[in-house]
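Here's a friendly walk through one protein model for someone meeting it for the very first time. Have a look at the sequence and the structure, then read on.

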Amino acid sequence: MNSKERVYAMLSGRTPDRVALFEKSVYASVGSKILGRPAVTGGTTIHRDEAEAWLRGDAVHDEFVERMYNDYGELVRLLKYDCIKIPWRMAARPTRKLSEYDYLYGDAEGGDWLVMRYDPESEHCGIVDSAATRRSIDELRREVKRAEESAANAVVPEPPALLKRLVRDYGDTHAVIGGVSVTIPLDENWLAATALDPGLVAASLDAQLEYAILEAKAQAAIGVRLLLAGNDCADNRGVIYGPKVFRDIYLPRFKRLLDEIHRLGCWAVMTSDGNLWPIADMLFDEAGLDCYGEVDWTAGMDLGKLKPRYPKVTYWGNVPTSLIQNGTHAEVLDAAHYCIKSVGDKRLILGSSNSILPGSPPENVWALAEAVEKWG
């Protein structure tokens, strides 16, 4: 089997020739050590790098995108990953640079805007302020009204250019991962709305769903068969907005999205760290999720307990990121071996429980590939 055949076999319920291997994100500092040269491979570091490229002009930005595509592809081939996806990007041009590490996107004087900040110590780049965090419930209602009007007039969109390029360059050999999104934002205003105006949250999800279905159709039409769906929804204590909100508001829309993905001949994968046990029956039995990614061991999501209870699911991940970052080569091997043994039928895409973080020794990244060779 090649990589594509291997992943498609396990998603179809068949036993592949071996366990698969994939990381959705390898931070650039680690990817550079593995490739032996400065490289742009992934992690939120590339948000800062892409912002800097945009600020230097279109030609520099075009060079950045080309470098990212080639560096990431080289890493996938070197580590023998079985899947491939577009690295997570901001994919938007910053308005201006506010300070050494702060970047403004949008119009701070009105409308939609956000500020991204890069922390050189952690190599993390994330949103530190935005218009979204300051919206009143009435502003959310107006936002949803606009989203409903937009969804009513939406047509099948053109798939992202890089996704089409991945299908062209890797579609015969690798499982190309696309993605759609239907989510309840995990910011204070939307979480409050789940209690104060659940109908508003439902209306927002309905508008997102209509567009997500069109995106799924567009991506399926170019040959993408594995689609990320949903978003992070939990921490170590459980589902952030609660299992009742998940059941009453989110689950019906999520199931409709998955039904459409399946009707298109595709499979759905949801990635979320945190403790998903409170909604596991809803995800795997009721919604019919095909693949569960990240699988946060430190939050109690243990493959040794998940696989017996949900044997038809394909699992992706489970080796703790903290162990890969701070553990020994032997400890990473032991954890990977446990994951492989726990699944048993080889329907596993081995990887970390989130991503390969800065400071992770290259030998610990290679340990996952070594585990597949030894026991997969």
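Helices and strands here are DSSP runs, numbered from the N terminus: H or I with at least four residues for a helix, E with at least two for a strand. By that count, the protein chain has 14 helices and 14 strands. Keep in mind that this is a predicted model, where local features need pLDDT of at least 70, side-chain atom pairs count only at pLDDT 80 or more, and totals for chains, interfaces and linings use all residues. Residues are numbered from 1 along each chain as its sequence is written, and side-chain values use heavy atoms, with hydrogens and water left out.

**The overall picture**

The C-alpha atoms of the protein chain fit in a box of roughly 55 × 50 × 40 Å along the principal axes. The radius of gyration (taken over C-alpha atoms) has a rule for globules: 2.2 Å times the number of residues to the power 0.38. For 376 residues, a compact globule would come out near 21 Å, and the protein chain, at 20 Å, agrees with that.

How much of the protein chain is buried? Buried residues make up 55% of the 376 residues, where buried means under 20% relative accessible area, exposed means over 50%, and partly exposed is in between (1.4 Å probe, protein chains only). The accessible surface of the protein chain is about 16,100 Å², and 50% of that belongs to carbon and sulfur atoms. These areas come from the Shrake-Rupley method with a 1.4 Å probe, and for residues only the protein chains shown count as cover.

Now for contacts, meaning heavy atoms within 4.5 Å. Of the contacts in the protein chain between residues at least 6 apart in sequence, 70% join residues at least 24 apart.

**Salt bridges**

Side chains of opposite charge can pair when their charged atoms come close. A salt bridge here is a side-chain nitrogen of Lys or Arg within 4 Å of a carboxyl oxygen of Asp or Glu. Searching the whole structure turns up 31 salt bridges. Here are some of them:

| Pair | N to O distance |
|---|---|
| R93 and D58 | 2.7 Å |
| R141 and D197 | 3.1 Å |
| R309 and D281 | 3.2 Å |

Take the salt bridge between R93 and D58. R93 sits in the loop between β2 (83-85) and β3 (96-97) while D58 belongs to helix α4 (residues 58-79), so this pair ties together parts 35 residues apart in sequence. R93 is partly exposed at 44% relative accessible area, and D58 is partly exposed too, at 45%.

Next comes the salt bridge of R141 with D197. R141 is in helix α5 (residues 137-152) and D197 in the loop between α7 (188-196) and α8 (198-221), so parts 56 residues apart in sequence are tied together. R141 is partly exposed, with 35% relative accessibility.

Then there's R309 with D281. Here R309 lies in helix α11 (residues 303-309) and D281 in helix α10 (residues 280-286), so the pair ties together parts 28 residues apart in sequence. R309 is partly exposed at 48%, and D281 is partly exposed at 34%. Elsewhere, R6, D17, R18 and D82 are joined into one network by salt bridges that share partners.

**A few residues to look up**

What does Y27 touch? Y27 is found in the loop between β1 (20-21) and α2 (28-35), and is buried at 7% relative accessibility. Apart from its neighbours within four places in sequence, Y27 has contacts that include T41, G42, E123, H124 and L357. The C-alpha atoms of Y27 and L357 are 5.8 Å apart, although their places lie 330 residues apart along the chain.For a pair with a wider gap in space, try E139 and A220: they are 81 residues apart along the chain, with C-alpha atoms separated by 35 Å. E139 lies in helix α5 and is partly exposed at 31% relative accessibility.

Finally, some backbone angles. Most residues other than glycine have a negative phi, and most peptide bonds are trans. E294 is not a glycine, yet has a positive phi of about 85 degrees. E294 is placed in strand β12 (residues 291-294) and is buried at 3% relative accessibility. N318 also has a positive phi, near 95 degrees, and is a residue other than glycine. N318 lies in strand β13 (residues 314-319), where N318 counts as buried at 0% relative accessibility.
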